[in-house]
Structures are given as structure tokens and as C-alpha cells.
Amino acid sequence: MTAAATLDEVCVVACAEAWRGDGEILASPIGVVPTVAARLAKATFEPDLVLTDGEAYIVANPLPVGRPPEHKVIEGWLPYRTVFDVLWAGRRHVMMGATQIDQYGNQNIACIGDWERPKAQLLGMRGAPGNTVNHPTSYWVPNHSRRAFVERVDVVSGVGYRRAAETGESATRYHDIRLVVTNKAVLDFDTPDHSMRVRSLHPGVTVDEVSEATGFPLVVPEDLAETRAPSDEELRLVRDVLDPSGLRTSEVK
Amino acid sequence: MADKRTTEDEVVAELADGMTVGIGGWGSRRKPMSLVRAILRSDVKDLTIVSYGGPDVGLLCAAGRVRKVIYGFVSLDSIPLEPHFRAARQSGAVDAMELDEGMFQWGLYAAALRLPFLPTRAGIGSDVMRINPELATVTSPYDGEELVAVPALSLDVALVHMNRADAGGNGQFLGPDPYFDDLFCMAARRRFLSCERLVPTDDLLKEGPVQSLRINRMMTDGVVEAPHGAHFTSCDPDYERDEDFQRLYATAAGDPEAWATFERTYLQLPSEAEYQAAVRAS
């Protein structure tokens with residue numbers, strides 16, 4: 001009998017679902033939970049996904065996070081500059097973090113405060129501007145709170161729906177923000193004006209809890225589903241193969 | 001074939017205050033750190049640093065040598081945020097040009113090809129356009145699409161570190177990723193390459209396949225043999241990142257006294273050889 005899924009495992013499966021149906025494209029997960037998730041998707045329902053070892057190799061077999069693999073089946077070479085080629089060619093779906101995200105999916109990973117003289121310098125823009133206007137993007141926010149889900153992001157790194165629409169066709173042409181997965185819920189932008197919507201709640205989480213932790217109004221459908229539970233086979237893969245050291249637990253707040 | 005062998009200090013003697021210096025590698029990976037340390041031993045200042053930033057940016061900021069940083073990110077990889085760079089940004093000590101990291105590549109490539117700009121969608125709609133008011137867009141003459149015109153990031157000097165090189169300045173990477181070092185060299189007026197080991201030209205292909213000869217001598221003006229020159233960043237496959245040392249570096253950043261000790265122990269030394277000896281003794 002498999003032990004019941006913990007929250008971090010529910011999150012892994014919810015993140016994995018972001019890549020369902022993507023086929024033969026590069027899945028680029030940022031962070032532990034998204035990495036385990038992308039590898040899980042490839043090992044189960046999305047076998048054609050292309051994954052790297054986090055460095056320059058495309059690897060065919062499922063690798064564990066946080067420890068050296070026994071064997072890497074290297075099927076290709078993808079140094080950083082080739083990643084940009086793939087990215088601009090659109091054959092990629094990234095799952096990034098978001099220090100801040102707003103109602104229309106604008107994301108900030110650059111800094112907190114005024115960019116000219118930030119209160120807290122963070123990573124910088126990284127690839128967020130290019131990612132969001134070139135191919136599908138999803139987000140993983142391990143601590144669903146009003147600090148992260150804000151009315152207005154301090155800096156727009158990743159372009160959201162409203163900003164893209166205001167900018168014009170070059171921004172909207174390949175723009176596709178898919179899912180926002182948090183420790184409480186799965187959210188999307190499947191609404192007439194692309195404002196954020198609750199898609200499913202993780203087991204035991206209420207709508208009020210999610211709304212309370214969000215700094216803007218969320219669209220809440222009437223027939224709100226529960227985030228699907230991991231299957232026994234998914235739990236086995238996560239626990240025994242993809243994350244045997246349990247690194248995922250430290251990322252989920 | 002000209003003999004381009006030189007030393008870190010001779011390379012830095014070619015730098016002048018106010019220059020724009022491109023530094024190869026990526027984050028905390030294969031950085032020409034012995035050349036960066038040589039800058040710290042000199043009195044060169046007011047530099048504009050162009051980098052896929054790591055501790056190169058952090059060290060130069062901490063030493064007050066930087067007027068402006070041009071970057072897409074600055075990170076120590078295993079430690080996501082670069083503490084010295086953060087401090088410099090938060091205190092307003094440095095100016096910044098922050099780009100999408102793909103735009104950054106395009107800027108180097110434009111400079112390499114002697115073009116004023118290269119077009120891309122990356123950046124459109126984001127605050128990259130707001131925080132860099134000098135960035136302009138162009139309209140495609142073919143279909144009217146509006147694209148970002150990434151300006152050439154032309155460099156006075158490029159500094160890169162390779163695994164192997166010959167005395168003529170042909171450079172070879174042996175790890176899995178060439179990063180953008182060839183573009184840094186091509187974007188610069190003066191180009192300097194350090195390497196783990198100098199080998200005779202005829203031995204280069206004994207070290208790795210022909211595809212690993214990413215830098216050719218048309219792209220370099222000087223070559224420095226610098227064993228462990230990328231320390232404490234990684235130099236795959238010669239050595240991994242020195243994570244303990246990087247942690248020491250990052251932790252010391254938070255405490256003026258600890259930083260003063262770090263500087264005294266590792267940076268305020270008369271030569272690269274003494275740095276390497278101090279690291280071995282630690």
C-alpha cells in the first residue's frame with residue numbers, strides 16, 4: 001500500500017500537468033518541484049518531451065534531482081546559445097518562478113522596489129521577457145501569499161496578457177501563459193479578459209484561503225475541481241526514482 | 001604564427017579607466033578569474049562590465065571598480081543571488097543596463113558582425129523597454145511587425161578563459177558548453193584569453209575534437225597560461241566549482257569584518273601565484 005500523497009507531491013503532479021499535450025518540445029523547469037514534475041511528465045504521460053540535465057546535455061532517461069545519476073543516456077547537445085535558438089523558434093515550454101505575479105500574469109524576478117534604486121536586487125530579467133513572447137510559459141509559486149500575488153508588479157520581467165495586448169501583435173503572436181501552480185491551488189487565465197482564475201484547489205484548501213492569500217480578485221468557477229491526486233505509479237516514480245533525497249519538500253512552504 | 005603569450009598583469013596594463021570590458025563564461029562557470037584578480041591588483045576604475053554575470057561582477061563591484069554593469073542576470077548558480085552585486089545595486093553605487101539574456105547575446109553578436117543592431121521579439125512588452133529608454137524598436141520592412149532593435153554591445157576589451165590554448169591564441173573548450181566566449185572576443189577591439197594549460201598547436205586535437213576549437217587566433221591578441229585561473233568558478237572537465245570557497249566568499253559579503261579578512265587573505269596579494277597558494281593553504 002502506497003503512503004498517501006503529501007502536499008509537495010500534489011504540487012509535483014500539478015506542475016507535471018502543465019506539459020500535458022506538449023509533445024516534442026523542450027520542457028524547461030526552473031526549481032526543484034518543476035524539475036521533478038517535468039521528468040515525471042516525460043516518464044508517464046508525455047514521453048516525447050525533450051529534457052536536459054540542467055547543463056548542456058539532452059538526456060533521454062529519468063534523472064534524479066540532487067544526486068549524480070548512475071547513467072545519463074545523452075541524446076543531444078543543447079548549450080545555452082542553442083537554448084536561445086530553440087526558445088526563439090518556439091519549441092519550448094518554460095516553468096519559471098515568480099517573486100511577484102499580477103492578475104494578468106505579469107511576472108517579476110528582477111527586483112523589489114524601484115528598478116533605478118531597488119530595495120532588493122533579485123536575479124535580473126534573465127530570460128523572462130523573451131520566454132513569454134516566444135513560447136508557452138507557466139509559473140511555480142511555492143508560497144501563495146499577498147507578497148507574491150500582487151495588484152501591480154514592481155517590474156515586468158515576464159509579459160502578462162494585458163501588457164501583451166497593449167503592446168501589439170509582436171507581443172501577442174506567440175504569447176501563451178498557461179498555468180500558475182502554487183502550494184494552494186492551480187490557476188490559469190482561461191477567462192474572457194485573461195484575468196487569473198482558480199482552476200483547481202489542492203486537497204483541503206478552501207476558496208477563501210486562496211482569495212485571502214491573493215492581492216487581487218480571482219475568477220472562481222462554480223464547479224471548482226480538486227487538484228488531481230497522484231497515482232501510485234507517479235508516487236513511486238517521484239519517491240524512488242526522480243527525487244529519492246526528498247529535495248522537493250524543502251521548496252514547498 | 002605570432003607568439004601571443006603574456007601575463008595577467010601585462011593584460012591589465014592595457015586597460016584604462018572608463019573602458020568597456022566584456023567577461024566570458026556564464027554565472028559562476030569558466031570565468032577568467034585570474035584576469036579579474038589582476039584588475040583588482042591594479043588601480044583601473046570606472047569600468048563598464050558586460051557579462052553573463054557571476055563573481056567576476058561581484059568582485060569588481062565590491063572593489064569599487066565598476067561604473068556600470070550590462071547584464072541579463074548576475075548569479076553564483078548554486079547561490080542564486082550575487083551578494084556584492086546586490087549591495088552595489090541597492091546602494092546605487094553602479095549604473096545598470098539590464099537586458100533579457102537572449103537580447104544580451106544578440107547585442108554581442110551585432111557587435112561581432114559590425115552591425116548597429118539585431119532585431120528580436122525578446123523584450124517587447126516587458127519593462128526592459130522602460131528601464132532602458134535608449135532601446136528602440138524597428139518595423140519590419142516585410143510585414144510591418146514591430147521588433148526590438150538590440151544595440152551592438154561593442155567592447156574595448158574581452159577577457160575569456162578556456163581549457164586549452166596554444167601560444168598563437170587558438171583556444172579550446174573541453175566542457176559541455178562553449179558559453180558565449182567567441183562572441184565576446186569578436187565583439188571586442190582587444191581580446192585576451194587565459195587557459196588552464198598551453199599546449200603545442202599540434203596537440204590541440206589530442207585534447208578534444210575539432211568542434212572544441214571555438215576560438216581561433218583571429219579572435220585573440222594575447223594568451224595567458226593560468227592553471228586554476230577560473231577558481232572558484234567551475235572549469236569543467238578540469239575542475240568543478242569550489243563550493244566551499246564560494247560559500248566563504250558569499251558569506252563574507254554580509255559582514256564588513258569578514259569581508260576585510262577575505263580581502264586580506266585572498267585578494268590583497270601581490271600575485272596570482274600567491275592567491276593560488278593561499279587557496280591551497282585554506
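Which residues are linked with Asp8(A) in a network of salt bridges? In this predicted model, local features are reported only at pLDDT of at least 70 and side-chain atom pairs only at pLDDT 80 or more, whereas totals for chains, interfaces and linings use all residues. Residues are numbered from 1 along each chain as its sequence is written, chains are lettered from A and ligands numbered from 1 in the order in which they are written, and side-chain values use heavy atoms, with hydrogens and water left out.

The network that holds Asp8(A) also takes in Glu9(A), Arg239(A), Asp243(A) and Arg248(A); a salt bridge here is a side-chain nitrogen of Lys or Arg within 4 Å of a carboxyl oxygen of Asp or Glu. Over all chains, a search of the whole structure finds 39 salt bridges.

In chain A, strands 1-4-9-10-11-12-13 form, in that order, an open sheet of seven strands with mixed pairing. Strands (E, at least two residues) and helices (H or I, at least four residues) are DSSP runs numbered from the N terminus, and two strands pair if DSSP finds at least two bridges between them. Strand 1 (26-29) and strand 13 (225-226) of chain A each have a single partner strand, so one side of each is left without a neighbour in the sheet. Within this sheet, strand 11 (residues 185-188) and strand 12 (residues 197-201) of chain A run antiparallel and are joined by four bridges, with Ala185(A) standing opposite Leu201(A). Asp188(A) also forms a salt bridge with Arg197(A), in which the closest N and O atoms are 2.8 Å apart, and both of these residues are buried; buried means under 20% relative accessible area, exposed over 50%, and partly exposed in between, with a 1.4 Å probe and protein chains only.

In chain B, strand 7 (residues 146-151) is joined by four bridges to strand 5 (residues 117-120), and the two run antiparallel; Thr120(B) stands opposite Val148(B) in this pairing. Strand 7 of chain B is likewise joined by four bridges to strand 6 (residues 136-139), again in antiparallel fashion, and here Thr139(B) stands opposite Glu146(B). The hairpin of strands 6 and 7 of chain B has six residues between the strands, and Gly144(B) takes a positive phi near 80° in that hairpin.

Strand 8 (residues 155-165) of chain B contains Ala158(B), which counts as buried because its relative accessibility is 0%. From C-alpha to C-alpha, Ala158(B) lies 14 Å from Ile70(B), although 88 residues separate the two in sequence. A salt bridge joins Arg164(B) to Glu207(B), the closest N and O atoms being 2.9 Å apart. This pair links distant parts of the chain, since Arg164(B) belongs to strand 8 and Glu207(B) to helix 8 (residues 204-207) of chain B, 43 residues apart. Arg164(B) is buried, with a relative accessible area of 7%, whereas Glu207(B), at 27% relative accessibility, counts as partly exposed. Another salt bridge is formed by the side chains of Asp3(B) and Arg5(B), at 2.6 Å from N to O; Asp3(B) counts as partly exposed at 48% relative accessibility, and Arg5(B) as exposed at 52%.
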